[in-house]
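User: Please take a close look at a single part of this structure and explain, in terms suited to a first-year student, how it is arranged and how it relates to its surroundings.

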Amino acid sequence: MTGFDTLLYEKQDGIAYVTLNRPQFLNAYNMQMRDDLAEVLKAIRDDDEVRVALFRGAGEKAFCAGADLKEFLTAPSPVVARQIRFDRDVWGLFLSVPQPLIAALHGYVLGSGIEMALCCDLRIASEDAHFGLPEVELGIIPAAGGTQTLPRTVGRGYALEMLLTGRWIDAGKAWQIKLVNRVVPKKQLRKTVKQMAARIAAHDPDVMRCAKQAVVQGLDLPLAAGLDLERILAARFGPGSIAQKA
Amino acid sequence: MVNYSKKESVATITLCREVSRNCINDQVAGEFNDIRGEIQRDKDIRVVIITAEGQDVFCAGTDTQAALAFEDRAKLLELFSVAAIIDTFTCPVFAAINGAALGQGLELALACDLRICSQNATFAMPQVTCGEVPWDGGTQRLSRLVGRGKALEMVLLGESIDAQEALRIGLVHKVVPLGELMRTVQEMAHKIADQSPISLAYAKEAIHKGMDLTLDQGLRLEADLYYLIHTTRDRTEGITAFREKRKPQFEGK
């Protein structure tokens with residue numbers, strides 16, 4: 001297990017486990033976590049042994065309750081803050097990881113927390129999870145991709161409702177609007193997510209990367225261009241390819 | 001391997017390879033293509049239904065044995081694709097899913113405009129479990145239909161879902177008992193077939209093409225098609241019949 005100030009990182013049987021580890025602060029996202037997360041995401045991206053990565057929060061209460069407000073307004077100026085945002089583009093990095101990513105969500109999943117979850121490919125929630133983008137109540141807007149990733153996941157109507165009202169939704173509602181793939185009792189969250197990761201890790205890692213790329217990149221393209229992309233990828237992994245390789 | 005029948009203005013294409021779980025090979029795709037030609041030449045046909053023989057399987061995917069005979073992979077994908085054929089229909093296309101729709105079978109259903117299934121139907125993209133990826137449009141059309149999260153789940157895990165889950169996520173529009181499947185789909189198809197074929201084709205075009213455009217461009221396309229349709233006889237007939245309180249007789253002109 002590798003220790004960062006704000007994260008725990010473990011690797012076992014092709015599965016990387018990233019635990020947000022500031023439980024006394026509801027795993028709130030701060031500058032140190034940003035830098036730690038960037039290190040870990042690069043390590044995952046560059047490590048072929050990692051076939052799938054799993055993100056979770058330490059403690060009972062939260063996956064991540066959002067950005068740590070104590071650090072707000074500490075940057076020398078908005079110009080510098082914006083420069084840093086793009087110099088250390090942790091969210092762009094998150095979205096560029098080629099392996100499948102799974103988020104295990106419990107308790108508070110707010111602000112940067114839900115945005116982190118939206119950078120993942122599969123989201124599994126425990127029954128006690130609550131989701132929200134409270135930024136508008138603070139007089140700001142989400143900046144970790146939420147205005148883009150949320151509507152692409154749940155559609156324009158629900159995304160606007162969550163963004164404009166700042167209201168939280170529970171796990172059942174999150175499942176209903178397809179914000180999460182599955183909801184399980186809290187005791188079973190770890191096991192369920194681990195099983196899911198193990199199933200992905202059991203498949204050919206190149207096939208998993210291709211499948212993820214086809215879906216994610218394809219959604220940013222017109223259908224015809226997406227179909228072309230799929231064909232190019234399928235030239236390697238099309239019907240009968242495994243038997244031919246054998 | 002593929003049957004074709006026509007009743008009034010509704011064409012029905014039936015996969016008839018029940019012994020091979022209605023799997024798709026180059027011959028099936030070839031027959032499909034021939035039927036497509038026949039349908040497109042037949043000006044009377046206004047709606048197409050695609051279904052399959054049997055009580056358990058709609059289509060279990062690509063015929064792997066047949067695929068192995070091909071050295072040229074690009075050629076293989078071209079000769080085996082059915083979704084690309086369905087994509088060329090300008091009229092509405094129904095999938096009447098009478099059982100398992102797996103892999104390329106699900107990709108075939110996704111290329112249709114409307115999907116109705118029986119209660120025993122199941123759906124999966126199991127390609128990854130065989131070291132393969134979906135290739136007949138599945139990674140593109142599934143995500144556009146049910147959203148990124150659900151699509152990634154089905155494509156990455158390869159697990160199957162039942163008819164009720166398919167209904168919940170919007171993969172199918174209606175679930176009915178197997179014994180009522182064809183009657184339900186035929187009723188819907190005949191109801192649609194009473195509309196003007198030009199209206200149907202333009203509505204379909206506006207939605208499919210519009211999804212690929214910015215909203216501004218999509219609104220422009222819709223308006224252009226709207227004004228174009230005002231040049232048709234069907235538009236005059238539709239408005240006249242409404243005023244005369246009678247059923248319109250559309251001729252597709």
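Analyst: In this predicted model, a suitable part to examine is the place where the two domains of chain B meet: seven residues of domain 1 of chain B are in contact with five residues of domain 2 of chain B. On the side of domain 1 of chain B that touches domain 2 of chain B, three residues are nonpolar, one is polar and three are charged. Domain 1 of chain B covers residues 2–193, and domain 2 of chain B covers residues 197–243. Their C-alpha centres are 27 Å apart.

Chain B also meets chain A, where 39 residues of chain A are in contact with 32 residues of chain B. Several elements of chain A give two or more residues each to this side, namely the strand β8 (122–126) and the helices α5 (146–154), α8 (189–202), α9 (205–219), α10 (223–237) and α11 (241–245). By residue type, the side of chain A that touches chain B comprises 21 nonpolar, nine polar and nine charged residues.

The partner chain may now be described as a whole. Chain A contains 11 helices and 11 strands, and its C-alpha trace spans about 60 × 40 × 40 Å along its principal axes. A compact globule of 246 residues would have a radius of gyration near 18 Å, and the 18 Å of chain A agrees with this. Of the 246 residues in chain A, 45% are buried. Finally, among contacts in chain A between residues at least 6 apart in sequence, 73% join residues at least 24 apart.

Notes. Residues are numbered from 1 along each chain as its sequence is written. Chains are lettered from A and ligands numbered from 1 in the order in which they are written. This is a predicted model: local features need pLDDT of at least 70, side-chain atom pairs count only at pLDDT 80 or more; totals for chains, interfaces and linings use all residues. Domain bounds come from an automatic or database domain assignment. Ala, Val, Leu, Ile, Met, Phe, Trp, Tyr, Cys and Pro count as nonpolar, Asp, Glu, Lys and Arg as charged, and the others, Gly among them, as polar. Helices (H or I, at least four residues) and strands (E, at least two) are DSSP runs, numbered from the N terminus. The radius of gyration is taken over C-alpha atoms; the globule rule is 2.2 Å times the number of residues to the power 0.38. A residue is buried if 20 or more other C-beta atoms lie within 10 Å of its own, exposed if 12 or fewer, and partly exposed in between; C-beta atoms are placed from the backbone.
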